[in-house]
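Here are my notes on the model you sent over. Have it open alongside as you read.

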Amino acid sequence: MKVFKIGGTSVANAENINKVVAILQKEKGTKVVVVSALGGITDLLVESMHWAASGKPEYLNHLSTIEERHLSVIKSCIPATQQSGIIS
């Protein structure tokens, strides 16, 4: 069994995710894959948390950015016929 830890930069966007998938598909045998948040998302979440705790509505901008980043990756990596089950 091989364990792969994939960091945020490696899953920062659809292009990088597709590269990771290609590498993992070449590996034989049992795999365990641990994936970080998309690159930059953790920082956005932490800052959003601080703004929200302080009552600053700016956190909503970060949440919108986080949602857009994830939707973009879904649209690029998942066939259209399978996206509704993921997005809903």
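**Notes on the fold, core and salt bridges**

1. Let me start with Leu-24. Setting aside neighbours within four places in sequence, Leu-24 is in contact with Phe-4, Lys-31 and Val-33. Keep in mind throughout that this is a predicted model.

2. Leu-24 also belongs to the largest nonpolar core, which has eleven residues in all. The other members are Phe-4, Ile-6, Val-11, Ile-17, Val-20, Leu-38, Ile-41, Leu-44, Ile-66 and Val-73. Where do they come from? At least two residues of this core are supplied by each of β1, α1, α2 (41-53) and α3 (59-77). The largest share, three residues, is from α1. As a reminder of the general background, nonpolar side chains in soluble globular proteins tend to be buried together.

3. Now the strands. β1 (residues 2-6) and β2 (residues 31-35) run parallel and are joined by five bridges. Within this pairing, Ile-6 stands opposite Val-35 in β2. To get from β1 to β2 the chain passes through helix α1 (residues 14-26), and the resulting β-α-β crossover is right-handed. Ile-6 is worth a second look, as this β1 residue is also listed in the core.

4. How many salt bridges does a search of the whole structure find? Two. One of them pairs Lys-2 with Glu-27, with 2.7 Å between the closest N and O atoms. Lys-2 sits in strand β1 and Glu-27 in the loop between α1 and β2, so this pair ties together parts that are 25 residues apart in sequence.

5. Are the two ends of that pair buried or exposed? Neither word fits: Lys-2 has 41% relative accessibility and so counts as partly exposed. Glu-27 is partly exposed as well, at 22%. That value deserves a glance at the cut-off, because buried means under 20% relative accessible area.

6. The other salt bridge links Glu-15 and Lys-19, whose closest N and O atoms are 3.6 Å apart. Both residues lie in helix α1, four residues apart, which is about one turn of the helix. Glu-15 is exposed, having a relative accessible area of 53%. Lys-19, at 48%, is partly exposed. The labels hang on the cut-off here too, because exposed means over 50%.

7. To pull the α1 points together: helix α1 carries the chain across from β1 to β2, gives the core its largest share of residues, and holds both partners of the Glu-15 and Lys-19 salt bridge.

Key. Residues are numbered from 1 along each chain as its sequence is written. This is a predicted model: local features need pLDDT of at least 70, side-chain atom pairs count only at pLDDT 80 or more; totals for chains, interfaces and linings use all residues. Side-chain values use heavy atoms; hydrogens and water are left out. Two strands pair if DSSP finds at least two bridges between them. A crossover is right-handed if, with the strands pointing away from the viewer, the path from the first strand over the helix to the second runs clockwise. A nonpolar core is a set of buried Ala, Val, Leu, Ile, Met, Phe, Trp, Tyr and Cys residues joined through side-chain atoms within 4.5 Å. Buried means under 20% relative accessible area, exposed over 50%, partly exposed in between (1.4 Å probe, protein chains only). Contact means heavy atoms within 4.5 Å. A salt bridge is a side-chain nitrogen of Lys or Arg within 4 Å of a carboxyl oxygen of Asp or Glu.
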